[in-house]
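Work through the exercises below with the sequence and the model side by side. Try each task before reading its solution.

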Amino acid sequence: MSYFKIRYAGGILLLCVLSILLAPQARADWIVGDPYKMHYPQLPDPNGWDVNFTAPAVLADDWRCSETGPVSDIHFWISFRGDQADPGLINSIHASIHSDVPADPVNTYSHPGDLLWEYDFNPNLFTIAGPFTGQQGWYDPVSGDFAHPDHLLYWQVNITNIPDAFVQQQGTIYWLDLSLSLATSGVNVGWKTSQDHFNDDAVVAVKLPGDANGDGVVNLADLQILGDNWMAGGAAWAQGDFTGDGLVNLADLQILGDNWGASGPLWKDLHDPITGESLDLAFVITPEPSSLVLLALSGAAMLRRRR
Ligand SMILES: [Ca+2]
Ligand SMILES: [Ca+2]
Ligand SMILES: [Ca+2]
């Protein structure tokens, strides 16, 4: 082989090694076999359910931290009801992290507690991988609607290098709450279920009609909120619009009055609508890709020193 051919081959080899080392950063993705910072990854069930978490619906599932440090990367899997849309329609992702309220003799399942961290991610702050395919069902635990099969396509959402990330502590159980806002109404997005079960079932937030502030009781505080926003347009649930027409008026006051003094759980645990089995949701908490690159580079440096 000539000198130039050897130089050329060496250059190609170097490029290959560099592309492998730098791949995690360029990909900003997560694939099975990559590191994680939770009990174990909850992988998507390609033939499972997609559970509605179109805003204002909120779903949550729990994880045990396996490595103290920032929750800088969150990955989860989604589908659209009836394959009506694609992830280009996502306006924002609302994510929050909560403490764990364990099950006890009264509350038979655990659920999210105190708010520890929250963030709204616009489309510049996440990437999409896919689509992947499977015969998947659709389930709305609030209305009770379900259909299986319903759609074929699903995607992986990658939120990476989160600014002001929450710092988790090894051994602690936390809850991840997610809700997706879409650019078009009438379209619904679901969080994929997983066959990897951990601890308790995932849960859905249940709103008591009339409970504007979401504290699980309908009382004077909610009436105050409704009064403060009386006849306001462009209002949401938190301003006292319980009918969903954007207006705070007599119809909403009527709902509040009908439920005066009512209280109830803010969370309901999720079960397969056909078999009744526990449902968990597909997500993984991972180290930031840049630390993977550093790890790979330091490994390569050690190999060089050994020669
Ligand atoms: Ca769980
Ligand atoms: Ca209330
Ligand atoms: Ca209304």
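**Exercise 1. Find the centre of the largest nonpolar core.**

Task: name the residues of the largest nonpolar core that touch the most other members.

Solution. Start with the core itself, which has 47 residues. A nonpolar core is a set of buried Ala, Val, Leu, Ile, Met, Phe, Trp, Tyr and Cys residues joined through C-beta atoms within 7 Å. Buried means 20 or more other C-beta atoms within 10 Å of the residue's own; exposed means 12 or fewer, partly exposed lies in between, and C-beta atoms are placed from the backbone. Phe 53, Leu 59, Phe 76, Leu 176 and Leu 178 touch the most other members. Apart from this core lies another, of six residues, including Ala 212, Val 218, Leu 226 and Val 248.

The model is predicted: local features need pLDDT of at least 70, side-chain atom pairs count only at pLDDT 80 or more, and totals for chains, interfaces and linings use all residues. Residues are numbered from 1 along each chain as its sequence is written, while chains are lettered from A and ligands numbered from 1 in the order in which they are written.

**Exercise 2. Follow Leu 178 into the sheet.**

Task: list the contacts of Leu 178, leaving aside neighbours within four places in sequence.

Solution. A contact requires C-beta atoms, placed from the backbone, within 7 Å. Leu 178 then touches Phe 53, Leu 59, Phe 76, Ile 93, Ala 95 and Trp 191. Next, take Ala 95: its bridge partner in β10 is Leu 178. Strands are DSSP runs of E, at least two residues long, and helices are runs of H or I of at least four, numbered from the N terminus. Two strands pair if DSSP finds at least two bridges between them. Strands β5 (residues 90-101) and β10 (residues 173-182) pair antiparallel over nine bridges.

Now widen the view. The open sheet has six antiparallel strands, in the order β6-β5-β10-β2-β12-β13. β6 (111-121) and β13 (267-269) are at the edges with a single partner strand each, so one side of each lacks a neighbour in the sheet. The average twist from one strand to the next is 30°, with axes fitted as lines to C-alpha atoms and angles running from 0 to 180 degrees between N-to-C directions.

**Exercise 3. Place Phe 76.**

Task: which residue of β15 stands opposite Phe 76?

Solution. Strand β4 (residues 73-80) runs antiparallel to β15, with four bridges between them. Phe 76 faces Phe 283. Then check both faces of β15 (residues 283-286). Phe 283 and Ile 285 are buried on one side, Val 284 and Thr 286 on the other.

**Exercise 4. Classify Ser 194.**

Task: is Ser 194 buried or exposed?

Solution. Ser 194 belongs to strand β11. It has 23 C-beta neighbours inside 10 Å and therefore counts as buried. Its contacts beyond four places in sequence are Gln 42, Leu 43, Pro 44, Asp 45, Asp 280, Leu 281 and Ala 282. Gln 42 is 152 residues away in sequence, yet the C-alpha atoms are 5.8 Å apart.

**Exercise 5. Spot the backbone exceptions.**

Task: where are the cis peptide bonds at Pro 131 and Pro 149?

Solution. Recall the background: most residues other than glycine have a negative phi, and most peptide bonds are trans. Gly 130 and Pro 131 are joined by a cis bond, omega about 10°. Pro 131 sits in strand β7 (residues 126-139). His 148 to Pro 149 is also cis, omega near 0°. Pro 149 sits in strand β8 (residues 146-159).

Definitions and conventions:
Contact = placed C-beta atoms within 7 Å.
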